[in-house]
Amino acid sequence: MAAKFDTIIRGGTVATASETFAADVGIRAGRIAALGDDLGAADDVIDARGKLVLPGGIDSHVHFAQPSGPGIVMADDFESGTCAAAFGGNTLVMPFCMQERGTGLRQSLKDYHAKAEGRCHIDVSFHLVISDPTPQVLGQELPALVGEGYTSFKVFMTYADLALTDFQMLEVFSVARETGALVMVHAENDDAIRFLTEKLERAGQTAPKFHATSRPIAVEREATHRAISLAEIADVPVMIVHVSNGEAMEQIRWAQSRGLKVFGETCPQYLVLTAKDLDGLNMEGAKLVCSPPPRDEASQKACWLGLETGVFQTFSSDHCPFRYDDPQGKLTPKGRTSFRWVPNGIPGVETRLPILFSEGVGRGRITLNQFVALSSTNHARMYGLLPRKGAIAIGSDADIAIWDPEREVTISQDLLHHGSDYTPYEGIAVKGWPVTTMVRGRVVTRDGELVGKLGHGEHVARDKSPFAAAVGVPQ
Ligand code: DUC
Ligand code: ZN
Ligand code: ZN
């Protein structure tokens, strides 16, 4: 007689990135131990009849507890951020460990681990942000940290104190090549943004809606092309994050058609918001200020096309939350009235998947299996977590989201668990909602209740990116 399971998820429809089938899921010691019918006894049986049983969402682009400038406080720490993520059907998030200039990477990581330790409801795995590529960082810290499982890092082409020169980008890229790490790029042309911002301010055009005017599509298209060219020169794979429009998407598609290992990510704000949504809101337009900014309907269509056709591998939230009605939030510091001072970023970790499910699967733009790939499996593959994460397969961690595909919800701030005091997606009606989230066999959220124990979430070290490892120098 087979050993009893800790939990059986019974009667649901399992979907993976490639298949959909009816099966019960037997879980033992935090892992998936069996898939099939009549699995026998378990301590806990979860009735999933009429429900979808999916790999838990992996959101590979979130910001929690990140220093954001004098007097500004991010609205989510690891506790509230991972709680909101769990309610949104996620079982693992990938936050950034932001290196501040003058601080070493090890010290930065120590600080972020201290913020996360014992405070996570779901699993986390850090990316690094390289803002100060000193010889010590490039020659010692970064290679050592890749070896310890921090196998992806982000570089910025804009923002004072973050932007790297092309030379520095090439230096970081070549460390990625040597170590098999994957570089993520925030692609916007810093000089062009500064030029346009000064011009707008001189003309008195300082309301939040001019944030979008200061970062037009050409700013992103040019930087995307440049990042791709630098990656080609360094012969290294690269992930262009938060792609907002068709022209940037076309650069990625062009690179892919030439056989380059160039990958892309887009986010909910580029599918359901436009720059017009900032208009007419006056200062409340600050609620939608993020970079790159939302664009227009043609850009939304292009981003859908990128998801449907595989130009984009990952769909992430870029959750970067601030409060609006708060002296430490969107409108600080007081007296600085230009859009230039509005902290960039919007919340979205809890709404990412219902929006993609409803607008994507519900409207026939993507299949259920594409949804699983874009929301979970591809993130695991890109960032070296597969097959432990992002899969419903024997031996994988039992990281599972159970969805009610029929549940109709109108997104509203009242329903959400993040630390922001608003959602940019207020009033959007969706069909399909995650009802249970389980991390390594333990239920974290069930029927709208948080039932998990704070601290169950752990940091997960990773293998090298399979794409990056393929071109990297063998160790
Ligand atoms: N870039 C991000 O990646 N996230 C939020 C804001 C930004 O500019
Ligand atoms: Zn970015
Ligand atoms: Zn981001």
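A residue is taken to be near a molecule if one of its heavy atoms lies within 4 Å of that molecule. In this predicted model, ligand 1 is by that criterion surrounded by His-61, His-63, Lys-154, Tyr-159, His-186, His-242, Ser-291, Asp-318, Cys-320 and Asn-344.

**Ligand 1 and its polar contacts**

Ligand 1 sits in the largest pocket, and the polar contacts listed below involve both side-chain and backbone atoms of the residues around it.

| Protein atom | Ligand 1 atom | Distance |
|---|---|---|
| His-61, side-chain N or O | oxygen | 3.0 Å |
| Ser-291, backbone N or O | oxygen | 3.5 Å |
| Asp-318, side-chain N or O | nitrogen | 2.7 Å |

Taken alone, ligand 1 exposes 240 Å², of which the protein buries 96%.

**The zinc ion (ligand 3)**

Two of the residues in the table, His-61 and Asp-318, also belong to a metal site, since the zinc ion (ligand 3) is coordinated by His-61 through NE2, His-63 through NE2 and Asp-318 through OD, at 1.9 to 2.1 Å. The donor residues follow the sequence spacing H-x1-H-x254-D. His-63 lies in the loop between strand 8 (57–62) and helix 1 (78–87), while Asp-318 lies in the loop between strand 16 (314–315) and helix 11 (352–362), so the pair ties together parts that are 255 residues apart in sequence. Because buried means under 20% relative accessible area, His-63 counts as buried at 5%, and Asp-318, with a relative accessible area of 8%, is buried too. The zinc ion (ligand 2) is 4.0 Å from the zinc ion (ligand 3).

**Backbone features**

Ser-291, which contacts ligand 1 through a backbone atom, is joined to Pro-292 by a cis peptide bond with omega of about -5°, and Pro-292 lies in the loop between helix 9 (269–272) and helix 10 (297–309). A cis peptide bond also joins Leu-386 and Pro-387, with omega of about 5°, and Pro-387 is placed in the loop between helix 12 (368–382) and strand 17 (400–410).

Tyr-159, one of the residues surrounding ligand 1, has a phi near 85°, a positive value in a residue other than glycine. Tyr-159 is found in the loop between strand 12 and helix 4, and at 22% relative accessibility it counts as partly exposed. Asp-235 likewise has a positive phi, of about 55°, although it is not a glycine; Asp-235 lies in the loop between helix 7 (217–234) and strand 14 (238–240) and is partly exposed, with a relative accessible area of 39%.

Methods:
Residues numbered from 1 in each chain as written. Chains lettered and ligands numbered in written order. Predicted model: local features only at pLDDT ≥ 70, side-chain atom pairs only at ≥ 80, totals over all residues. Heavy atoms only, no water. Donors = N, O, S within 2.8 Å, 3.2 Å for Na, K, Ca; no water. Helix = DSSP H or I, 4+ residues; strand = E, 2+ residues; numbered from the N terminus. Buried < 20%, exposed > 50% of the residue type's maximum accessible area, 1.4 Å probe, protein only. Polar contact = N/O pair within 3.5 Å; in protein donor to acceptor, adjacent residues only side chain to side chain. Areas by Shrake-Rupley, 256 points an atom, 1.4 Å probe, with all protein chains shown as cover. 1 Å grid on protein atoms, 1.4 Å probe; cavity = no way out; pocket = protein on both sides within 12 Å on 5 of 7 lines; lining within 4 Å. Sits in = over half its atoms within 2 Å of the grid points.
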